[in-house]
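Student: I have a model open and should like to go through the ligand site. Could we begin there?

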Amino acid sequence: MTATEVPAEAAPAPPTFESLDPRTGDVVGTHPVHDAAAVDAAVARAVEAAKWWGALGYAERRRRLGEWRKALVRSIDALAQVVSDETGKPLDDAKLELVLAIDHLDWAAKHAEKVLGRRKVSSGLLMSNQAASLTYAPIGVIGVIGPWNYPVFTPMGSIAYALAAGNAVVFKPSELTPGVGVALADTLAELVDGHPLLQVVTGFGETGAALCRSAGVGKIAFTGSTATGKRVMAACAETLTPVLIECGGKDPLIVDSDADIEAAADAAVWGGMSNAGQTCVGVERVYVLEDVADAFTARVVAKSSTLRPGGNPAGDFGPMTMPAQTEVVRRHVEDALAKGGRAVVGGNESIRPPFVEPVVILDVPEDSSAITEETFGPLLVVNRVPDLDEAVRRANATGYGLGATVFSKKRGEEIAARLRCGMVAINSVISFAGIPSLPFGGVGDSGFGRIHGEDGLREFTRPQAVARQKFALPIAVTSFKRTSRGMATLVGLIKMRHGR
Ligand code: NDP
């Protein structure tokens, strides 16, 4: 039991489950399965913690979150080890996740007051007797439900911004990465005078479902699959609890005729294969213009055929963290090849659980599951297109709309504006996720709401509008003392102002 882990409320002790190293099957840690009563108790404690934290004010919260930032920096190696042990990803990938999360925490803490603090707004001509102001108040308790693929960076997109906005958090990490959640929360525990500001509840889907139903939760921030996102939303509908839904993607990469082909190939391979392709904003589909397709494909083949999955330190990327995902990748590869796709790197034989070697398939029909469904594995589909219109049409043709990448020297912004998605990287890949001031989130099956940036701070608040009367107007129209003459004057005024 750690400082932040929710204690067992009642005897007998709750059942436990183990988290495993997916490379070896070794047990990494043992954690309680928190039931609905334990989740409710954690939320009740969080309600009190939120009152304390909210009352501290922006400056003190910023100071304490600054201390947390430093504590995380001091703990990078230890935390990265837990991430690597539970996900199987190389240590350096785990460290990169932490670096980005720390930078986001810093931005959220430093910008909260400017973005959310009380500000005067114009009250307009008709209401010029009023002083109007707007503030964004904390919601109270935010329930954060996270996935396993980036078990620090992804939930921190909600946790850091929710805390900076003045809320307490109850975090349910994936059953595959509970130790990461506990270790993360432990680094904050000693900096908040014993207040349970960030608590972790562990368990399976039912623990997450209990968090959605728990009465004191003011908002749920969910990251995970679209299917689970729908279940979360349905559960939250019962209590009208608002939700932020960050789901998967099927992100395209478009290569224009004038693109830097070498850089585009490098980005496609990193975007498609890093983290074994288990990246919500990873590159899954490439649409390359005909005239540069051969040169681009040759570079993709050269770069990806030398990559090898494996255990740390060997291996360019790790295993499939979730065993069942291997079968999804297998199904997509088989379907793409059966429908006429041409494997130029790997193929059916590349799937060797728990690892999947790089697979690159060309000319995959657009109705293949490798094009229409999220693969979440190191499979890159490369299709050539006659022109940009066709590239954009195909890029927009899935139900998902999370991120996209464009390589073009002259038309980057123009292409970006035509893409139906939440984020676009031009001449680099996944870069938007590392920029704390940019909102992160998708449309369609990729979800709604935003983490990161100003929108990400506001996501964890409720706007409060205040109008303070400075003096009474000579014409009273919102009183039973109102006269027809007064109303005629007002209508005359509005005709003059808006009727011409
Ligand atoms: P899941 O949807 O399986 O699980 C996500 C989280 O929800 C886990 O903590 C899970 O717990 C929990 N959960 C499961 N069932 C319920 C329920 N009924 N009610 C409440 N919570 C529940 O996703 P994965 O963990 O498999 O993550 C992979 C998915 O996440 C991919 O589709 C990926 O694209 C997406 N993703 C999206 C990102 C984004 O920002 N848009 C970022 C990263 C990933 P348990 O694990 O214990 O079952």
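Tutor: Certainly. A residue counts as near a molecule if one of its heavy atoms lies within 4 Å of it. Please keep in mind that this is a predicted model.

Student: How many residues surround the ligand, and which are the closest?

Tutor: The ligand is surrounded by 31 residues, the closest being Gly146, Glu175, Ser225, Cys247 and Glu374.

Student: What does the side chain of Glu374 offer the ligand?

Tutor: An N or O atom in the Glu374 side chain is 2.6 Å from an oxygen atom of the ligand. The backbone takes part as well: a polar backbone atom of Gly146 lies 2.7 Å from a ligand oxygen, and a backbone N or O atom of Gly203 is 3.2 Å from an oxygen atom of the ligand.

Student: How much of the ligand's accessible area does the protein cover?

Tutor: On its own the ligand has 890 Å² of accessible area, and the protein covers 90% of that. The space that the ligand takes is the largest pocket.

Student: Which elements give two or more residues to the shell?

Tutor: These are α6 (205–213), β8 (219–223) and α7 (226–237). By residue class, the shell comprises 14 nonpolar, 12 polar and five charged residues.

Student: Where does the ligand lie relative to the domains?

Tutor: It lies between domain 1 (16–248 + 451–462) and domain 2 (252–420), because both give residues to the shell around it.

Student: Turning to the backbone, which peptide bond is cis?

Tutor: The bond from Pro353 to Pro354 is cis, with omega near 5 degrees. Pro354 is placed in the loop between β13 (351–352) and β14 (355–356).

Student: And what is notable about the phi of Ala276?

Tutor: Most residues other than glycine have a negative phi. Ala276 is not a glycine, yet its phi is positive, at about 55 degrees. Ala276 sits in the loop between α8 (261–273) and β11 (285–289).

Note on methods. Residues numbered from 1 in each chain as written. Predicted model: local features only at pLDDT ≥ 70, side-chain atom pairs only at ≥ 80, totals over all residues. Heavy atoms only, no water. Polar contact = N/O pair within 3.5 Å; in protein donor to acceptor, adjacent residues only side chain to side chain. Areas by Shrake-Rupley, 256 points an atom, 1.4 Å probe, with all protein chains shown as cover. 1 Å grid on protein atoms, 1.4 Å probe; cavity = no way out; pocket = protein on both sides within 12 Å on 5 of 7 lines; lining within 4 Å. Sits in = over half its atoms within 2 Å of the grid points. Helix = DSSP H or I, 4+ residues; strand = E, 2+ residues; numbered from the N terminus. Nonpolar A, V, L, I, M, F, W, Y, C, P; charged D, E, K, R; others polar. Domains from an automatic or database assignment.
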